[in-house]
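The following exercises are to be solved with the sequence and the coordinates at hand. Each task is followed by a worked solution.

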Amino acid sequence: MKQTLNRIAVKIGSNVLTRADGTLDVTRMSALVDQIAALHKAGIKIVLISSGAVASGRSELSPIKKLDSVDQRQLFSAIGQVKLINRYYELFREYGITVGQVLTMKESFGTRRHYLNQKNCMNVMLDNGVLPIVNENDTISVTELMFTDNDELSGLIATMMDAQALIILSNIDGIYNGLPSDPTSKVIRKIEQNCDLTSYIQASKSSFGRGGMLTKTRIARKVADEGITVIIANGKRDNILTDLIEKPEDTLCTRFVPAPQPVSSIKKWIAHSEGFAKGELHINPRATEIIVADKAASILPVGITDVKGEFEKDDIVRIINAEGKPIGVGKANCSSDQAREVMGKHGEKPIIHYDYLYIE
């Protein structure tokens, strides 16, 4: 059954926008803009997450000396982001669509205040008919602060903006049940909740991006668990975006079926905040059993066996089970020192309230 979509996030990967020589494929970019403009005209609000800054800059300058990978990325992206957004500006202007640039960093999702500031900015843009174009600010992001790739960024943006669907455009048709190069392999058209894909996913990375199908699948799974449809499709196919919206059942892609009950905005933020965790709460088997089985269960001091790291009230902390395995994240209701004081005691207030707890 065709789903009526009012708000979507579209991620265009490096391998879609990049030619074999590593330069920007303007023809493909123009074709995708045509499709996005058609969807925009149909009343769909779109947030575009676009790679391509490094590819845009690579053809503009020959470095005077050999640069390491970080220096290259910073230099080419600083030059290329200007060129990339200008291309989008000119292409969308032909359709009377105003675009706005949003450059972000992983740190910008680390606090609730920064998170909400970004969300408000893009909501104001959408409400005024402006199409946000989002990319990582590669000029000042260094290795330890970078997103895994723009797939991770697109997942954060889709959940932050309450999108109904996230469309990830790559250079293959979806997730295969074997090697994509094997002619006997077929695209898995639909992936239900709790489907095990371990044997299908290849760990190899794309030629020009930082991620691969493993990253795409992990992000897609998490976003779908939050009630958002996720689609992985081939951005080099003609009319792929309009076909995905207008005739979804007939268009080749992999579609992750969303959880039936969307999670709250705060839980969406917490779910994607694992990388910002300041400490750990280790819990006993009984506490683990309760919070895994009951979505309305808080983490009480009586179930905590250890507190590791230093954190303050409202910081994100990891939840670790008795086997040492991370099972979720949550927003602490007190500092690490206060948690240690009440650890193992009955009758104390929750360390993490269930409204601020995300169990994987």
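**Exercise 1.** Determine whether Ile97 is buried or exposed, and state which residues Ile97 touches.

*Solution.* Ile97 has a relative accessibility of 7% and therefore counts as buried (buried means under 20% relative accessible area, exposed over 50%, partly exposed in between, with a 1.4 Å probe and protein chains only). Next, locate the residue: Ile97 lies in the loop between helix H4 (69-93) and S3. Helices (H or I, at least four residues) and strands (E, at least two) are DSSP runs, numbered from the N terminus. Then list the contacts, with heavy atoms within 4.5 Å: leaving out residues up to four places away in sequence, Ile97 touches Ala37, His40, Phe92 and Leu131.

The model is predicted, so local features need pLDDT of at least 70 and side-chain atom pairs count only at pLDDT 80 or more, while totals for chains, interfaces and linings use all residues. Residues are numbered from 1 along each chain as its sequence is written, and side-chain values use heavy atoms, with hydrogens and water left out.

**Exercise 2.** Describe helix H5 (residues 112-127): its span, its buried side and what covers that side.

*Solution.* First, the span. H5 has 16 residues and reaches 22 Å from its first C-alpha to its last, close to the 22 Å expected at 1.5 Å a residue; the expected span is 1.5 Å times one less than the number of residues. Second, the buried residues are Tyr115, Gln118, Lys119, Met122, Asn123, Met125 and Leu126. Viewed down the axis of H5, they fall within an arc of 160 degrees, so they line one face of the helix; the arc is that of the directions from the helix axis to the C-beta atoms. Arg113 and Asp127, on the other side of H5, are exposed. Third, the cover of the buried residues includes strand S1 (7-12), strand S2 (45-50), strand S3 (98-104) and strand S4 (130-136), as well as H6 and helix H9 (265-271).

**Exercise 3.** Classify the packing of H6 against H5 and against H7.

*Solution.* Two packed helices are described by the angle between their axes and the distance between the axes. Axes are lines fitted to C-alpha atoms, for helices over the stretch in contact, and angles run from 0 to 180 degrees between N-to-C directions. Angles under 35 degrees count as roughly parallel, over 145 as roughly antiparallel, 65 to 115 as roughly perpendicular and the rest as oblique.

- H5 and helix H6 (residues 150-160) pack at about 75 degrees with axes 10 Å apart, and are therefore roughly perpendicular. Tyr115, Gln118, Lys119 and Met122 of H5 meet Ile157, Thr159 and Met160 of H6.
- The axes of H6 and helix H7 (residues 213-225) come within 9 Å and cross at roughly 10 degrees; these helices are therefore roughly parallel. Here Asp151, Glu152, Gly155 and Thr159 of H6 meet Thr215, Lys216, Ile219 and Val223 of H7.

**Exercise 4.** Where is Asp162 found, and what is its phi?

*Solution.* Asp162 is found in the loop between H6 and strand S5 (165-170). Most residues other than glycine have a negative phi. Asp162, although not a glycine, has a positive phi of about 55 degrees. With a relative accessible area of 36%, Asp162 is partly exposed.
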